[in-house]
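Work through the exercises below with the sequence and the 3D view side by side. Try each task before reading its solution.

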Amino acid sequence: SDKERIAAHWDLALKRTQETRRRNWRDFPFILSWLHKRVCGEAIKGQGRAGLNKVFKQRLNGRVLKRGVSIGGGAGYAEIELIREGYIEEMIVYDLSPGRIVQGQAYAKQFGVADKIKFFCEDGMAKPLNEKFDLIFWHAALHHMYDTPAAVEWSWNALNPGGYFWA
């Protein structure tokens with residue numbers, strides 16, 4: 001099935017990264033600096049989500065979001081950071097890779113936020129939409145969807161009025 005192929009792909013990518021510590025674009029400061037400038041208007045030096053943090057700090061202006069959902073969130077590194085920075089109280093993360101889910105659960109426990117983030121190894125968009133969220137978070141995932149317009153429509157329908165859509 002498509003879900004099994006997707007899970008196998010991302011589990012293999014995780015295994016290769018762990019075994020070889022391949023370099024990727026996040027390992028190059030000049031690329032991160034360029035990306036931060038595109039995201040928040042400033043060529044920030046440093047960690048990979050500095051631009052994201054600056055945008056959330058500016059947009060929220062001290063407000064804390066209650067609940068968010070991430071589709072294709074992998075190990076939830078960015079989602080955990082949003083919780084740790086105080087931008088959101090809790091997150092739900094969906095991903096099809098069992099390996100990424102296990103990695104995310106361990107990471108959340110390591111940083112003391114396991115009670116604020118829940119991981120599910122399933123297609124979050126396939127579930128009945130019984131609630132709305134303050135944040136719909138597609139961190140580096142929306143472009144992987146087979147039907148991007150349907151994913152954006154799902155996001156719109158899942159978003160609380162005044163909520164945030166990040167892709």
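**Exercise 1: a pocket and its lining**

Strands β1 (65-71) and β2 (88-94) each supply at least two residues of the lining of the second largest pocket. The model is a predicted one.

Task: find which residues line the second largest pocket, and how they divide into nonpolar, polar and charged.

Solution.
Step 1. Start with the strands: β1 covers residues 65-71 and β2 covers residues 88-94.
Step 2. List the lining: Arg67, Val69, Ile92, Tyr94, Gly124, Lys127, Pro128, Leu129, Asn130, Glu131, Phe133 and Trp154.
Step 3. Sort the list by type: 7 residues are nonpolar, 2 are polar and 3 are charged.
Step 4. Add the volume: the space in this pocket comes to about 160 Å³.

**Exercise 2: the two sides of a helix**

Task: determine which residues of helix α6 (residues 148-158) are buried, and which are exposed on the other side.

Solution.
Step 1. Pick out the buried residues of α6, which are Ala151, Trp154, Ser155 and Ala158.
Step 2. Look down the helix axis: the buried residues of α6 fall within an arc of 100 degrees, so they line one face of the helix.
Step 3. Turn to the other side of α6, where Pro149, Glu153 and Trp156 are exposed.
Step 4. Ask what covers the buried residues; the cover includes β1, β4 (133-137) and β5 (159-166).
Step 5. Return to the pocket: Trp154, buried in α6, is also one of the residues lining the second largest pocket.

**Exercise 3: aromatic pairs**

Task: describe the pair formed by Phe137 and Trp166, and state where its two residues lie.

Solution.
Step 1. Count the aromatic pairs in the model: there are 7.
Step 2. Take the pair of Phe137 and Trp166, which is stacked, with 6.5 Å centre to centre and 25 degrees between the planes. The cut-off for stacked is under 30 degrees.
Step 3. Place the residues: Phe137 lies in strand β4 and Trp166 in strand β5, so the pair ties together parts that are 29 residues apart in sequence.
Step 4. Check accessibility: both Phe137 and Trp166 are buried.
Step 5. Widen the view: ring pairs link Phe56, Tyr87, Phe137 and Trp166 into a cluster.

**Exercise 4: two buried residues and their contacts**

Task: for Ser70 and Leu142, give the place of each and its contacts beyond four places in sequence.

Solution.
Step 1. Ser70 is in strand β1, and its relative accessible area of 0% makes it buried.
Step 2. Beyond its neighbours within four places in sequence, Ser70 is in contact with Glu79, Met91, Ile92, Val93, Tyr94 and Phe137.
Step 3. Leu142 lies in the loop between β4 and α6. Its relative accessibility is 13%, so Leu142 counts as buried, the cut-off being under 20%.
Step 4. With neighbours within four places left aside, Leu142 is in contact with Thr148, Ala151, Val152, Phe165 and Ala167.
Step 5. Compare Leu142 with Trp154: they are 12 residues apart in sequence and 12 Å apart in space, C-alpha to C-alpha.

**Exercise 5: positive phi**

Task: are Asn61 and Ala140 buried or exposed?

Solution.
Step 1. Asn61, in the loop between α3 (50-60) and β1, has a positive phi near 50 degrees without being a glycine.
Step 2. At 68% relative accessibility, Asn61 is exposed.
Step 3. Ala140, in the loop between β4 and α6, has a positive phi of about 55 degrees and is not a glycine.
Step 4. Ala140 is exposed, at 54% relative accessible area.

Definitions and conventions
Residues numbered from 1 in each chain as written. Predicted model: local features only at pLDDT ≥ 70, side-chain atom pairs only at ≥ 80, totals over all residues. Heavy atoms only, no water. 1 Å grid on protein atoms, 1.4 Å probe; cavity = no way out; pocket = protein on both sides within 12 Å on 5 of 7 lines; lining within 4 Å. Points joined across faces, edges and corners; volume = space filled by probe spheres on them. Helix = DSSP H or I, 4+ residues; strand = E, 2+ residues; numbered from the N terminus. Nonpolar A, V, L, I, M, F, W, Y, C, P; charged D, E, K, R; others polar. Buried < 20%, exposed > 50% of the residue type's maximum accessible area, 1.4 Å probe, protein only. Arc of directions from axis to C-beta. Contact = heavy atoms within 4.5 Å. Phe/Tyr/Trp six-rings, centres within 6.5 Å; stacked < 30°, edge-to-face > 60°.
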